[in-house]
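Have a look at the model below and keep it open while you read. We will go through it together, one question at a time.

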Amino acid sequence: MFEMLSYDFMQRAFIAGLFIATLASISGTFVVLKRYSLMSETLAHSALVGVAIGLVAGYNPLWVAVVISILSAWLIEYLRSSFSIYSDAVLSIMLSGSLALAVIIVSLGGAFNNSLFSYLFGSILSVSNADVYTIVGFGSISLAFLLLFSKELYFIAYDEEVAKTSGIKVKFLNFLLVTVVAIIIALSIRVVGSLLIGALMVIPTVAALQYRVGFRNTMFIALFFALFSVIFGMSLSYYFSLPSGATIVLSVIAIFIISLLINKK
Amino acid sequence: MSLKSEIPIFEVKQLSFRVREQLILENVSFEIFSGEYIAIIGPNGGGKTTLIRLLLNLEKQTSGEIKIFGKKLKDFKEWYKIGYVPQRATLVDETFPATVEDIVKMGRVARRGIFAGMSSEDKAKVHDAMQKMDILDLKDKMVGTLSGGQRQRVMIARALASSPKILILDEPNTGVDMVSQQRFYGLLGKLNKEENITILFITHDIGVIADDIGRLFTINRKATICNDPKKLLSCDEVSDLYGIPAHSLANHKHEH
């Protein structure tokens with residue numbers, strides 16, 4: 001354990017990974033309770049469009065992914081609130097549309113290579129100092145927003161209409177939540193990968209919900225599960241040379257199955 | 001009943017609501033004053049819930065005007081003065097991670113600032129609301145594990161925690177057993193008489209509440225208001241609404 005931390009790249013990966021685990025699990029609690037689980041998956045695919053543009057155009061893929069993710073989140077919220085389209089249908093259209101667009105962009109730009117593979121499935125080797133700064137910087141702002149508005153977001157997740165009638169700015173906070181989620185997803189793709197980040201956001205909360213405790217404790221349990229999964233998953237990734245995203249997600253799925261069995265009715 | 005010279009809590013003038021070609025509410029006008037106890041009845045699809053949603057700014061009216069505490073709906077900001085318990089509020093998602101106290105605390109969220117934690121006043125109001133609804137001993141229980149009657153009291157405690165001037169309840173007895181319903185009406189009456197909280201609620205149990213309510217609004221696209229509680233059950237409009245004679249409704253009261 002301590003031997004792998006003697007390498008610079010592992011230190012960077014752990015800092016980024018633990019930060020992402022914190023962000024993903026806390027935002028994931030609201031995402032799951034609001035029935036937005038599929039949204040995280042969709043935004044992860046949208047982030048891939050940003051990565052594709054970044055790789056082809058020579059910009060920092062992480063930054064472009066953040067921008068494209070935010071724009072996609074706003075478009076999804078706009079479509080959901082302004083047109084008579086089922087929410088899951090909007091997400092499904094955006095998900096497949098984003099993936100198709102990303103594939104076309106990288107094909108035209110000839111960027112189908114190992115670099116793209118690392119964005120799809122995560123790679124602890126690929127986390128640079130610049131990535132760590134970006135993740136910690138944007139991540140801290142996102143976390144501050146989530147904690148600042150946690151009581152309002154919790155109320156909205158419980159009953160959006162009652163929250164609105166008590167004077168809470170529901171529309172603004174919904175936009176804020178999807179924006180923060182979009183940023184977190186885009187930041188996470190270096191470590192977890194765009195195809196797997198949705199799982200790190202959703203599964204720790206679903207596992208924590210099995211313990212049937214109050215909101216605050218559910219969030220703490222989800223955070224613990226996410227941190228543990230990242231540490232365990234990245235260690236597996238280091239020792240067995242496996243993609244970090246896959247090992248992290250399989251770790252959290254194992255925790256989910258154990259939680260399910262422990263709390264079986 | 002309050003003096004008419006005071007500013008009404010709700011002042012509704014010529015309110016109409018249309019969905020595409022269908023007229024849901026037509027020229028509805030009324031005022032609601034502090035301390036009143038009002039029931040709304042009417043057939044399904046008659047526009048009862050729509051009226052409540054318009055009052056709460058959850059829908060936009062096609063025409064007409066709504067004032068709350070003397071202010072136009074768009075200018076009204078003090079929504080914490082209105083406690084709302086929606087239809088099917090007791091049918092909660094059993095997996096939602098919320099203790100009774102978590103839910104009641106939600107009633108204080110709009111009153112607290114963004115950066116503010118729970119003040120001693122917030123804690124006192126939450127405690128007070130749980131005490132009034134007799135759910136203090138349930139405060140650490142998960143809401144999903146409670147009975148329909150207990151959940152009903154939790155939802156009202158949440159609404160009470162913001163110290164509202166008016167409590168609006170949309171068919172609050174959905175999913176609640178008969179014993180709990182009787183207890184519920186007792187609590188509503190107590191809140192109205194002892195706390196001077198104005199009560200406005202939609203119900204089908206006209207026979208049960210006839211003795212307590214001050215006024216009865218019958219909504220079936222148009223609104224008819226029965227002002228005399230003693231004559232509630234002989235209002236022709238009430239009979240017309242349900243398609244059965246008023247005395248049958250009165251007899252229904254004794255069956256409960």
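Q: Which residue follows helix 1 of chain B, and what is the sign of its phi?
A: This is a predicted model, so every angle here is computed from predicted atoms. Just after helix 1 of chain B the phi angle is near 65 degrees, a positive value. The residue with that positive phi is B:N57.

Q: How many of the residues of helix 1 of chain B are buried?
A: A residue counts as buried if 20 or more other C-beta atoms lie within 10 Å of its own. In helix 1 (residues 48-55) of chain B, the buried residues include B:K48, B:T49 and B:L51. B:I52, B:L54 and B:L55 are also among them. The helix is mostly covered, and the count is seven of its eight residues.

Q: What percentage of the residues of chain B count as buried?
A: Chain B is built with eight helices and 10 strands. Among its contacts between residues at least 6 apart in sequence, 70% join residues at least 24 apart. Of its 256 residues, the share that counts as buried is 43%.

Q: Which strands are the edge strands of the open four-stranded sheet of chain B?
A: Read the sheet in its order, 2-1-4-5, with antiparallel pairing. An edge strand pairs on one side only. In this sheet of chain B, that describes strand 2 (22-32) and strand 5 (71-72).

Q: Which residue stands opposite B:E11 in strand 4 of chain B?
A: Strand 1 (residues 10-19) and strand 4 (residues 63-68) of chain B run antiparallel and are joined by five bridges. Across from B:E11, the residue in strand 4 of chain B is B:K67.

Q: Do strand 6 and strand 7 of chain B run parallel or antiparallel?
A: Strands of a sheet pair through backbone hydrogen bonds, and both directions are possible. Here four bridges join strand 6 to strand 7 (residues 166-170) of chain B, and B:I82 stands opposite B:I166. The two strands run parallel.

Q: Which residues of strand 6 of chain B point the other way from B:I82 and B:Y84?
A: In a regular strand the side chains alternate between the two faces of the sheet. In strand 6 of chain B, B:I82 and B:Y84 point one way, and all four residues named here are buried. Those pointing the other way are B:G83 and B:V85.

Q: How many nonpolar residues are on the side of chain B that touches chain A?
A: In this contact, 20 residues of chain B meet 19 residues of chain A. Strand 6 (82-85) and helix 2 (100-106) of chain B each supply at least two residues of that side of chain B. By class, the side of chain B has three polar residues, two charged ones, and a nonpolar count of 15.

Q: Are helix 2 and helix 10 of chain A roughly parallel or roughly antiparallel?
A: Helix 2 (residues 37-57) and helix 10 (residues 197-209) of chain A have axes 8 Å apart and pack at an angle of about 160 degrees. Angles over 145 degrees count as roughly antiparallel. Therefore helix 2 and helix 10 of chain A are roughly antiparallel.

Q: What is the handedness of the crossing of helix 2 and helix 3 of chain A?
A: Helix 2 and helix 3 (residues 61-82) of chain A pack at about 140 degrees, with axes 7 Å apart, and are therefore oblique to each other. Their contact has 14 nonpolar, six polar and no charged residues. The crossing of helix 2 and helix 3 of chain A is right-handed.

How values were computed: Residues are numbered from 1 along each chain as its sequence is written. Chains are lettered from A and ligands numbered from 1 in the order in which they are written. This is a predicted model: local features need pLDDT of at least 70, side-chain atom pairs count only at pLDDT 80 or more; totals for chains, interfaces and linings use all residues. Two residues are in contact if their C-beta atoms, placed from the backbone, lie within 7 Å. Ala, Val, Leu, Ile, Met, Phe, Trp, Tyr, Cys and Pro count as nonpolar, Asp, Glu, Lys and Arg as charged, and the others, Gly among them, as polar. A residue is buried if 20 or more other C-beta atoms lie within 10 Å of its own, exposed if 12 or fewer, and partly exposed in between; C-beta atoms are placed from the backbone. Two strands pair if DSSP finds at least two bridges between them. Axes are lines fitted to C-alpha atoms, for helices over the stretch in contact, and angles run from 0 to 180 degrees between N-to-C directions. Angles under 35 degrees count as roughly parallel, over 145 as roughly antiparallel, 65 to 115 as roughly perpendicular and the rest as oblique. A crossing is left-handed if the near helix is turned anticlockwise from the far one by less than a right angle, and right-handed if clockwise.
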